[in-house]
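Student: Could you walk me through this structure? I have not looked at it before.

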Amino acid sequence: MQRKLLLCFKKNSPHTKGANTLHIKTVGVVGVGTMGQGIAEMLASKGLDVIIIERSDDRLDYGKQMIEVSLDKQIEKWALTNSEKKLIMNRIEATTSYEKLADCELVIETITEDLELKKAVFEQIDQICGPNVILASNTSTLSLTELASFTKQPSRVIGMHFIYPVSKIDLVEIVRGLKTSEETFLRTKHFVEEVINKKGVMVFESPGFVTTRLICLFINEALHVLEEGVASAEDIDSAMRIGYSFQHGPFEMCDRFGLDSVLAALERMFREYGELKYRPSIVLKKMVRAGHLGAKSGIGFFKYDTDGDRI
């Protein structure tokens, strides 16, 4: 009887390796662009404390402002109350100091898809965060193994690829790098499925993973159809939205993701795989050069107001 009790205690001990090793209650989000805003808002709405980091006060203020705009839209639709909005905003702490990340159990990096910038972030957070803190990246195309190589503990680095819009898409790609430990994976999967209640799909490191690889090819093919004059951007979007129940057509998707982000993803996959199907459309390149980046710049394939709503 004593042996059974001892085995039961060991199985349920908080020191046992696995998903429940460390309870996550404070999460750091580095980068408060479109994806960072969505991730921070979603985490705070789940009752977690969130520390958002940006390189300047102006960018922090803008990020917080856009989170408020998103919450206000939900209030207008009777999906949220003013007091709930206040609770969510009170859980979000904005700072330019990386030192604050020492209080987190999980840090999610979500800056622009630039390998050198991401390396610098991982080197910095690796020095600040304790050994049990999971270091995650929201990258869609870059190598987790390479990012992890700039930390002293590559076993704790993992990918958490959220999909826009974060609050509405109940899926996270959990990406394992070459040295990601089983414990890091289990803790991350537990966090995704039990804490923020999303479906976690395990993916082994590969450029574009699953979702980015497929959706960027879809957008690129739509661009070729547009180039050929087969149909207008509006009609191509309508065909896919109405005919196949897509929430957005390929061109509005591209605008929401950011044309520069789609171009960067395609170019990286083209370099990595060497296949012509990943070569970006010339139309996409021209629009990025012109600064027509989609919702974030106010114009892409369609026009948008300052709140990111389509005009």
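Tutor: We can go through two helices and then some salt bridges. This is a predicted model, in which local features need pLDDT of at least 70 and side-chain atom pairs count only at pLDDT 80 or more, while totals for chains, interfaces and linings use all residues. Residues are numbered from 1 along each chain as its sequence is written, and side-chain values use heavy atoms, with hydrogens and water left out.

Student: Okay, which residues of H8 are buried?

Tutor: In H8, the buried residues are Thr211, Thr212, Cys216, Ile219, Asn220, Ala222 and Leu223. Buried stands for under 20% relative accessible area, exposed for over 50%, and partly exposed for what lies in between, using a 1.4 Å probe and protein chains only. Helices are DSSP runs of H or I with at least four residues, strands are runs of E with at least two, and both are numbered from the N terminus.

Student: Where do those buried residues sit around H8?

Tutor: They cover an arc of only 155° around the axis, which puts them on the same side of H8; the arc is taken from the directions from the helix axis to the C-beta atoms.

Student: And what do the buried residues of H8 pack against?

Tutor: Their partners include strand S6 (157-162), strand S7 (171-176) and helix H9 (233-243), where contact means heavy atoms within 4.5 Å.

Student: What about H4, which of its residues are buried?

Tutor: In helix H4 (residues 82-90), Lys85, Ile88 and Met89 are buried. Seen down the axis of H4, these fall within an arc of 95°, so they line one face of the helix. The face turned away from that buried side carries Ser83, Lys86 and Asn90, which are exposed.

Student: Switching topic, how many salt bridges are there?

Tutor: The count comes to 20 salt bridges, taking a salt bridge as a side-chain nitrogen of Lys or Arg within 4 Å of a carboxyl oxygen of Asp or Glu.

Student: Which residues does Lys118 pair with?

Tutor: Lys118 forms a salt bridge with Glu109, the closest N and O atoms being 2.4 Å apart, and another with Glu113, at 3.3 Å. Lys118 is buried, with a relative accessible area of 1%, and Glu109 counts as buried at 0%, whereas Glu113 is partly exposed at 26%.

Student: Which residues are linked in a network of salt bridges?

Tutor: One network links Glu234, Glu252, Arg256 and Arg310. Within it, the side chains of Glu252 and Arg256 meet at 3.1 Å, N to O, and both residues are buried. Being four residues apart in helix H10, Glu252 and Arg256 are separated by about one helical turn.
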